[in-house]
Structure formats: structure tokens, C-alpha cells
Amino acid sequence: MNNDVGSITDIISTVEFNHTGELLATGDKGGRVVIFQREPESKTEPFSQGEYNVYSTFQSHEPEFDYLKSLEIEEKINKIRWLPQQNAAHFLLSTNDKTIKLWKVSERDKRPEGYNLKDEEGRIKDISTVTSLQVPVLKPMDLMVEVSPRRVFANAHTYHVNSISVNSDYETYMSADDLRINLWHLDITDRSFNIVDIKPVNMEDLTEVITAAEFHPHHCNLFVYSSSKGTLRLCDMREAALCDKHSKLFEEPEDPSARSFFSEIISSVSDVKFSHSGRYLLTRDYLTAKVWDLNMESKPLETYQVHDYLRSKLCSLYENDCIFDKFECAWNGSDSVIMTGAYNNFFRMFDRNTKRDVTLEASRESSKPRAVLKPRRVCAAGGKRRKDDISVDSLDFTKKILHTAWHPTENIIAIAATNNLYIFQDKLNSEMH
């Protein structure tokens, strides 16, 4: 399926499945959150998977103005994170640049009727007119999805929030901005603990910023954060309250012969994700995706070239600011395949076992039911072209897949292509399996 919308405020800025994969949330530049729900499998076609349809839409953030700093704070949703479901309701965290909110999503399909002290319109009756008592009853009604704000976590970030991550203890979460990481309790809004602070005394000495942060999926004391210098730091909260000294530093030594003006920019890590097993880290920088083993800090276990054909184009990509694009990455449910986005509405998949890779395209044609995703191939400038190959010179750099998500257990992926959401189910290319 795909969800077509128009204006710049509709550009999708984050996409996230919940822990069961039954719900999928997207956030956009206009501060809205749209939740999609997977329909139950139909009885007439027991083998057909349920489609994802719009379940609820709500305004999460509004534009604000910081009068002290004369700064506009835009409403764009930077990240959404679901909390594991504890009861019938669902909870999710959403954040813009400054403020994090906790939302409750619940259903109502019954309404109480027959109040003693209220009339049908809900107005309070004159007590003197109440001559008999009746027992209120619950009557069925059309299903209503109610979304209500439960907590607002504000005023804790001086810089732009780029990550939020819920801890495996389900009581705490962290939020990271360019220079600091804060630890919050989900029930306490008026204070947080600063667990990482890389702000130098003199801002002229600033050499790197935090780009992403995530908790370990099983150990509530461990978290990782990535930097614009291409490094990953694993921190253990048992060692110290302020984790300014990391437990492990993952860094690949630079090849001096390959150094160029762009080296520092393209080595900046735009996303980091723990594998479901908690054994590996997946990172994305501008040209590559890398898998790191937590037990090996000196170099990545695997390096995958996402769009190596762009090396010759770095100059023009710098001029049009594309070189600063922040691509995300995702693991499949079994940690055997990784996925990340590219330009021209292409996205890439790498099978870690077979070492096969494939380039696929998110488009209206490919999202139709029963459409098979055809592999695409980009040939470098001056290279030999086959019939369906696309030349690197004809790529559309305004069409970029920055945000992707993979269903936690099944072969279902969600691809955000600017202001369209594509959900592909069970038709990922057979080459990958």
C-alpha cells in the first residue's frame, strides 16, 4: 500500500513498528503522527496477510517560539518510539527538537447510558426531579480510537533532540541531542539525569557531536551513541553516574591514502541500531552500512557499500547539501538481513549469510498488490550499461529514502519516500532468500 499526500508538512520524518508489528506509526514535518493498524486476515482468503490501514491521526507537536533565544522551534517529529504493551492501551513517545511527549492510544466501543444525575445530553439534572434510581448500563457504540497526552518532558535540551530510546527495564528512556544524553523516568517529567555531556568548556574546541543513541535490547545498563567523527561509544551506567568515559570505543582506522576533503563528512554516523540479539551493532554513514561485533572494537565485522558509485559525485553532492543527508538503517527480525535507503527512491538490502545484495525501488507500481519488486542496478559514470541499468548521472537526488522500518518478526517493511509511505509484504526479492 502507499499513502499519497501533498505539501511539505506531509514529508515523513520517522517511521516505527510497535513491538508486535500490528501497529505502525509515522511522524511528519507538520508535527502529525499517523498510526496504521494491520487488518486481521480475512476468513475468505486465509493465506492473505492483513493490509495496514489508517487507525488514528493526531497532532503531536505545534510550532513554538523560544523568546529568550529568538528561535523558532519547528513542529517536525524527529523520532517515535513505542513502549511495550502492558494492557489494552498502547503508549508511544514522540519528540521534536526540544520536547518529548508520551501518548496513550486506546479504544472505546461502549458508552455508559442511564445516569441518575445527568440527562441524555450530559447536563446535570435538578436533584428534586430525580424520583427513582436506575442502574447505568454500557451500550455498544461505533469503535472510537482515543489519543491522549499523558506526559510532557520539556526544558531539558539546549540542542536539537536526535534520538529517543526506551530502556529494557520499561521504566526509563533516554533522549540525546548534539552534545548531551539525558536519562528520564517515564513517570517523572520535571527532572532528568544527564548521563553523557561532551560539551567542551570553550565551544571553539568542539570537534564532534552526538548523532544517534540507543539502549541495549536486553541489558538495561548498556547503551551506545555514535558521533560525527564516525566513532561508536558503548557506555555502562553501572560504572559511573556520568558516562563521560566509555567502556568501549568502536572505530575504524582511516586509510591515509584515501583521505580527501570529504572524508570527515562522509564518515559521520547517521544511525546506530543494536541487533535483536544484542550481539551486534549496525551503523550507517554516507556511503556504507557496517556491522560491528560488540567484542571487537578495532574494525567492523562487515562493511557494505550502499552507493559506491557516488564517490565520483561528492563535489556536487556537497554543493547541493545532499552529502549531509542522514540515512537510517534497520535489521530484519532474525538479524540476517539489513536494509537502508539511497537516492532515486531506491533502498538496499544485504544478506549477511549469502553476501548477496539487492537494490529495490519504492514506487506506485511496485506497491500494487501482487506486484513483484524488481531489482534495479545503477552503473557508474562511464561504465558499461545493461538494458535496464540506470546511469548515476540520471539519479534523482530529491527522491531519497531516509527512513525505513522492518516488522519485528515478519517479512514486512515500511519505506518512507518523501511524503509517501510504502508497505511491502512478503514480496521481497527472492534473490535475498
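**Close-ups of two pockets, a sheet and some rings**

**View 1. The second largest pocket has a mixed lining: 15 nonpolar, 11 polar and six charged residues.** Here, Ala, Val, Leu, Ile, Met, Phe, Trp, Tyr, Cys and Pro count as nonpolar, Asp, Glu, Lys and Arg as charged, and the others, Gly among them, as polar. You're looking at a predicted model, so local features need pLDDT of at least 70 and side-chain atom pairs need 80 or more, while totals for chains, interfaces and linings use all residues. Residues are numbered from 1 along each chain as its sequence is written, and side-chain values use heavy atoms, leaving out hydrogens and water. The volume of this second largest pocket is about 940 Å³ (the space filled by probe spheres set on grid points, which are joined across faces, edges and corners). A pocket is an open set of points on a 1 Å grid over the protein atoms alone where a 1.4 Å probe fits, with protein on both sides within 12 Å along at least five of seven lines; lining residues have an atom within 4 Å of a point. For the second largest pocket, 32 residues make up the lining, and E16, H19, E214, P217 and H276 lie nearest its centre. Two or more lining residues come from each of β2, β8, β12, β16, β20, β24 (329-331) and β30. β2 gives the most to this lining, with four residues. (Strands are DSSP E runs of at least two residues, and helices are H or I runs of at least four, numbered from the N terminus.)

**View 2. The largest pocket holds about 1,200 Å³ of space.** Its lining takes in 45 residues, and K76, F324, D325, K326 and L402 are the ones nearest the centre. By class, the lining residues split into 16 nonpolar, 13 polar and 16 charged. Among the elements that supply at least two of them are β12 (161-166), α1 (263-267) and β30 (401-406). The largest share of this lining, five residues, belongs to β16.

**View 3. Four strands line up as an open antiparallel sheet, in the order β24-β25-β26-β27.** At the edges sit β24 and β27 (357-361), each pairing on one side only. Strands pair if DSSP finds at least two bridges between them. Zoom in on β24 and you'll find three bridges to β25 (residues 337-341), with the two strands running antiparallel. On β25, M339 is the bridge partner of A330.

**View 4. F153 and W184 meet edge-to-face.** The model has 19 aromatic pairs (rings of Phe, Tyr and Trp, using its six-membered ring, with centres within 6.5 Å; planes under 30 degrees apart are stacked, over 60 edge-to-face and the rest tilted). In the F153 and W184 pair, the distance is 5.3 Å centre to centre, with 70° between the planes. The two rings come from distant parts of the chain, 31 residues apart: F153 is in β11 (residues 137-153) and W184 in β14 (residues 180-185). F153 counts as buried because its relative accessibility is 1%, and W184 is buried too, at 2% (buried is under 20%, exposed over 50%, partly exposed in between, with a 1.4 Å probe and protein chains only).

**View 5. Y318 and F324 make a tilted pair, because their planes sit at 50°.** Their ring centres are 6.0 Å apart. Y318 is partly exposed, at 32% relative accessibility, and F324 is partly exposed at 40%. Together with F261 and F262, Y318 and F324 form one aromatic cluster.
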